[in-house]
Amino acid sequence: MQGCTARGFADRIEARAAVQGCTARGFDFRMKSRAVRQGWREYGFTLIELLLVLLIVALLASLTAPAITGSVQRARESSLKQNLQVMRKAIDDFYADNGVYPPTLEALVEKRYIRKLPRDPVTERADSWVLIRARDGQSGAEGGIVDIHSGSEDKGSDGTPYRDL
């Protein structure tokens, strides 16, 4: 029963190579026969190797996720500040040109002070802006819009509520 053991299998491979006139290519053949003798598989990965790779990938993902989510929040805050600045400037320009504050945000678009009504990057809606209307005693009052704020109840990275920007 020579063919039943790992060493017997390696002997049969060597004998077959000798019969066919093939010479063993030194290192490759010896590694193959050693692998067969020691019971190693010739290809594939072990469960431990796969788990180790998954552990490394999970570790790298856990290190980069906070940096990515933090940068997304900072970008939204920056976009909100820019949108507020542009719309406040358009409101001021409207007042300077017409002597009254705009009655609606759409009036800014109609008179081409802004191209379109920007969306609030925090709430991701264009209709969530909080409009501050003029009081009766203010010049150009007539209920026009004097200021604008975000409609979000969330707080920024510095702790300031978005509605107070």
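Author: Contact means heavy atoms within 4.5 Å. The model is predicted: local features need pLDDT of at least 70 and side-chain atom pairs count only at pLDDT 80 or more, while totals for chains, interfaces and linings use all residues. Residues are numbered from 1 along each chain as its sequence is written, and side-chain values use heavy atoms, with hydrogens and water left out.

Reader: Which residues does Leu108 touch?

Author: Leu108 touches Ala90, Ile91, Phe94, Pro102, Tyr113 and Ile114, with residues up to four places away in sequence not counted.

Reader: What makes up the secondary structure of the protein?

Author: Four helices and two strands, in the order α-α-α-α-β-β along the sequence. These are DSSP runs, numbered from the N terminus: helices are H or I of at least four residues, strands E of at least two.

Reader: How do you know what span is expected of helix α3?

Author: The expected span is 1.5 Å times one less than the number of residues. Helix α3 (residues 47–98) has 52 residues, for which 76 Å is expected, and its first and last C-alpha are 75 Å apart, close to that value.

Reader: Where in α3 is the kink?

Author: At Thr64, shortly before Pro66, and it is about 30°. The bend at a residue is the angle between axes fitted to the seven residues ending there and the seven starting there. After α3 comes Gly99, with a positive phi near 80°.

Reader: Why is Ser152 called buried or exposed?

Author: Buried means under 20% relative accessible area, exposed over 50%, and partly exposed in between (1.4 Å probe, protein chains only). Ser152 has 4% relative accessibility, so it counts as buried. Ser152 lies in the segment after β2 and, leaving aside neighbours within four places in sequence, is in contact with Asp120, Val122, Thr123, Tyr162 and Arg163.

Reader: What does the side chain of Ser152 reach?

Author: The backbone nitrogen of Asp154, at 3.1 Å. A polar contact is a pair of N or O atoms within 3.5 Å; within protein, one must be able to donate a hydrogen and the other to accept it, and residues adjacent in sequence count only if both atoms are side-chain atoms.

Reader: Which elements give two or more residues to the largest nonpolar core?

Author: A nonpolar core is a set of buried Ala, Val, Leu, Ile, Met, Phe, Trp, Tyr and Cys residues joined through side-chain atoms within 4.5 Å. The largest one has 16 residues, and Leu80, Leu84 and Trp129 are among those with the most contacts inside it. The elements asked for are α3, α4 and β2. Helix α3 gives the most, six residues. The buried residues of α3 pack against α4 (105–110) and β2 (145–149).
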